[in-house]
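Hi,

Here is the structure I promised to pass on to you. Please have a look at it alongside the notes below.

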Amino acid sequence: RPDLRNVLRYYLGVANYTNRAISGQVWVNDIVLDGAKRDIGLAEKVGLRLNMADVIKVDFDWDRRDADYHGLNEEKGQGAVTENWSLSTNFRVDDFLPLFGFQLPVSFSRRSSTSRPKYEINSDVEILDEDRRNLYCTVEDRESFSVRLSRSPSRHFLPRYVLDPWTFQLSGSQSEKSSPTALSHQTSLQGSLNYNLQISSDFGVNDLPGLGLVPLLGSVRLLPNRIAGGASFTATDRTETRRDLDGTEYDPTDTRNKPATLNGDLEDRPLSRITVTYKNRSERDLLRRYERNGVTIGEQNKFSQDVNVAFVVPQATQLPQSGFYAPLRTAVRALNKLRHSLTYQGSYVNDTRPGGRQPADPEDTHSISNANDWQARAQVPAGEVFKDIFPERRKSDAAEQALAAEIQIVMQDARQD
C-alpha cells in the first residue's frame, strides 16, 4: 500500500531490451508537497440530567469527535471519527412499594462507542470507500446493573440484631466488542452477603448475681464489640475470536473464572485494657465443585487467619484500694510512668492452590506458613525524673512584672540614644 512516509528517492529510467534503437517521450507525474494541511476538526457534546425529587434520576451523555479534531495540548487529530453515548438511571424500589424498613436501590446503565478510521491502517492514505471504512470500524457496547438490599436501623431489640446487620449486593455487566482484528463477548456477575453487628452493650460478669463481688472478675465483659461475616463471589465468562483483515477467523477461546470468598471478623474487649481481634478468610474456586449441606462452596484454594491482642497496664486507681493490693498498686504506678504497650500478632496461612504444586507432588500437598510476633515498647521518662531531682524554680508574678518593666526601660533608653 502506498505511503508517502516510506518514499525517500525517485528513480526514473527506460530499459531497451531490443537490438534496435528506440525513440519517444516519457511523461512523469511529479509529486509536490505544498503548504500545511488545514482541515477543520469539530467536536460536539450533549448532556441531559433528569431528577424527579431524588426518586428517579436519569442521565444521558452524547459526544462526537471527528478525525481532525485535537485539543490544545495535541499536535494532530486521532485519525478516526468517534461517537459515544451513555444512559444511566437509578431509583429506589422502597419509594414505590412498602418493604417494611428495607432499602432497595437499583441502577441500570448502557453505553456504546464507535470508532471509524479515516485512513488506512499504518498509512496516511484516506479511505474513500464506505464499506472499507465499516470493515475497519470498532464498536463496543456495555450494559450493567446493580442492586443493594439493606435495612434501616430498628429501635426494637430483635430486628436490630437479627435483620439490620444483613446486607445483600448483586451487580452484573455484559459487553461486546468488534474490531478489525478481534471479536469478544464478556459477561460478569458479582454478589455478596454480609453480616455486620456492632454491640454497644457493656454486659459483663458484674451483671450476673453474686459474681460481681469477686475482685477483678467483675470488670470482665461477656459480649464482643463486633461480629461480622460474609460471602462473596465473582463469575466471569469471556469469549474472544481473533481474525485477520481479510476476514479470516480463527477458533474462539473461552476464559471462565468463578472465585468466591468466605470471611469472618470478631472484635472483643474482655477487659478495659485488653483488645482482641480475630479474622479469618477462605478463598475458594466455584469451578472446582464441592458441596456442603447441599450448598456449592467450591474447593478451597487458600485459608488464612490473623489474631491481634493489645494489652495496656491499668491505672493504679482502677485496682482495689485494700492494703492487700498496695504492692501491686505501687508496681502499676511505676509501669504507668514507662508509657509502655504490649501487642501480639499471629498469622496462619494454608495454601492449597493446584498451581502451587510441583509436577511430582501429590494432590493433597499444602503450603503452610505460620508467624508470631510479640512487641513490647516503653518510654523512660528521663525528663520527669530530672525535674523531680532538680525542681524548676518559678518566679512569682510580681518578680516577672518587675523584670518586664526593667526590659521596657532598657529598650526606651536604647531608642533615645
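Below is what I found, going from the whole chain down to single residues.

Please keep in mind that this is a predicted model.

**The chain as a whole**

The chain has 417 residues, and 18% of them are buried. Its secondary structure consists of five helices and 17 strands. If you take the contacts between residues at least 6 apart in sequence, 56% of them join residues at least 24 apart. The exposed surface of the chain comes to about 31000 Å², with carbon and sulfur atoms supplying 54% of it.

**Strands β6, β7 and β8**

I would start your tour at strand β7, which covers residues 166–179. On one side of the pairing list is strand β6 (residues 138–151), antiparallel to β7 over eleven bridges. Strand β8 (residues 182–198) also runs antiparallel to β7, and 14 bridges join these two. A hairpin of two residues leads from β7 to β8. To find the register, look for E176, which stands opposite H185 in β8.

S173 is a good residue to centre the view on, as it lies in β7. The residue opposite S173 is S144. S173 also comes to 5.5 Å from E143, C-alpha to C-alpha, although 30 residues separate the two in sequence. The side chain of S173 makes a polar contact of 3.4 Å with the side chain of R142. Beyond its neighbours within four places in sequence, S173 touches R142, E143 and S144, and also Q186, T187 and S188.

**Strands β12, β15 and β16**

The next stop is strand β15 (residues 299–311), where N301 is found. Strand β12 (residues 274–285) pairs with β15 in the antiparallel sense, over twelve bridges. Strand β16 (residues 341–351) is likewise antiparallel to β15, joined to it by ten bridges. Two pairs give you the register here: S282 faces F303 in β15, and V309 has Y344 in β16 as its bridge partner.

Is N301 buried or exposed? Its relative accessibility is 14%, so N301 counts as buried; the cut-off for buried is under 20%. Its side chain makes a polar contact with the side chain of R288, at 2.4 Å. Leaving out neighbours within four places in sequence, the contacts of N301 are E283, R284, D285 and R288, together with N350, D351, T352, R353 and P354.

One of those contacts, E283, also has a charged partner: the side chains of R281 and E283 form a salt bridge, 3.3 Å from N to O. Both members are partly exposed, R281 with a relative accessible area of 38% and E283 with 27%.

**Other salt bridges**

Side chains of opposite charge can pair when their charged atoms come close. In this chain the count of salt bridges comes to 16. Which parts of the chain does the pair of E120 and R132 tie together? E120 is in the loop between β5 (105–117) and α1 (130–135), while R132 is in helix α1, so the pair ties together parts that are twelve residues apart in sequence. The N to O distance in this salt bridge is 2.8 Å. E120 is buried, at 14% relative accessible area, whereas R132 is partly exposed, at 27%.

A second pair is D265 and R226, whose closest N and O atoms are 3.7 Å apart. This pair links distant parts of the chain, with D265 in strand β11 (residues 259–271) and R226 in strand β9 (residues 226–242), 39 residues apart. D265 and R226 are both buried.

**A nonpolar patch**

Finally, have a look at the surface patch made by L12, V14, I22, V26 and V28. These nonpolar residues together have about 530 Å² of accessible area. V28 belongs to the segment before β1 (43–52). With 48% relative accessibility, V28 counts as partly exposed, since the partly exposed class ends at 50%.

For a short route through the model, I suggest S173 in β7, then N301 in β15, then the salt bridge of E120 and R132.

Happy viewing, and best wishes

Key: Residues are numbered from 1 along each chain as its sequence is written. This is a predicted model: local features need pLDDT of at least 70, side-chain atom pairs count only at pLDDT 80 or more; totals for chains, interfaces and linings use all residues. Side-chain values use heavy atoms; hydrogens and water are left out. Helices (H or I, at least four residues) and strands (E, at least two) are DSSP runs, numbered from the N terminus. Buried means under 20% relative accessible area, exposed over 50%, partly exposed in between (1.4 Å probe, protein chains only). A polar contact is a pair of N or O atoms within 3.5 Å; within protein, one must be able to donate a hydrogen and the other to accept it, and residues adjacent in sequence count only if both atoms are side-chain atoms. Contact means heavy atoms within 4.5 Å. Accessible areas come from the Shrake-Rupley method with a 1.4 Å probe; for residues, only the protein chains shown count as cover. Two strands pair if DSSP finds at least two bridges between them. Patches are made of residues with over 30% relative accessible area and no salt bridge: like charges are joined within 9 Å, nonpolar side chains (Val, Leu, Ile, Met, Phe, Trp, Tyr) within 5 Å. A salt bridge is a side-chain nitrogen of Lys or Arg within 4 Å of a carboxyl oxygen of Asp or Glu.
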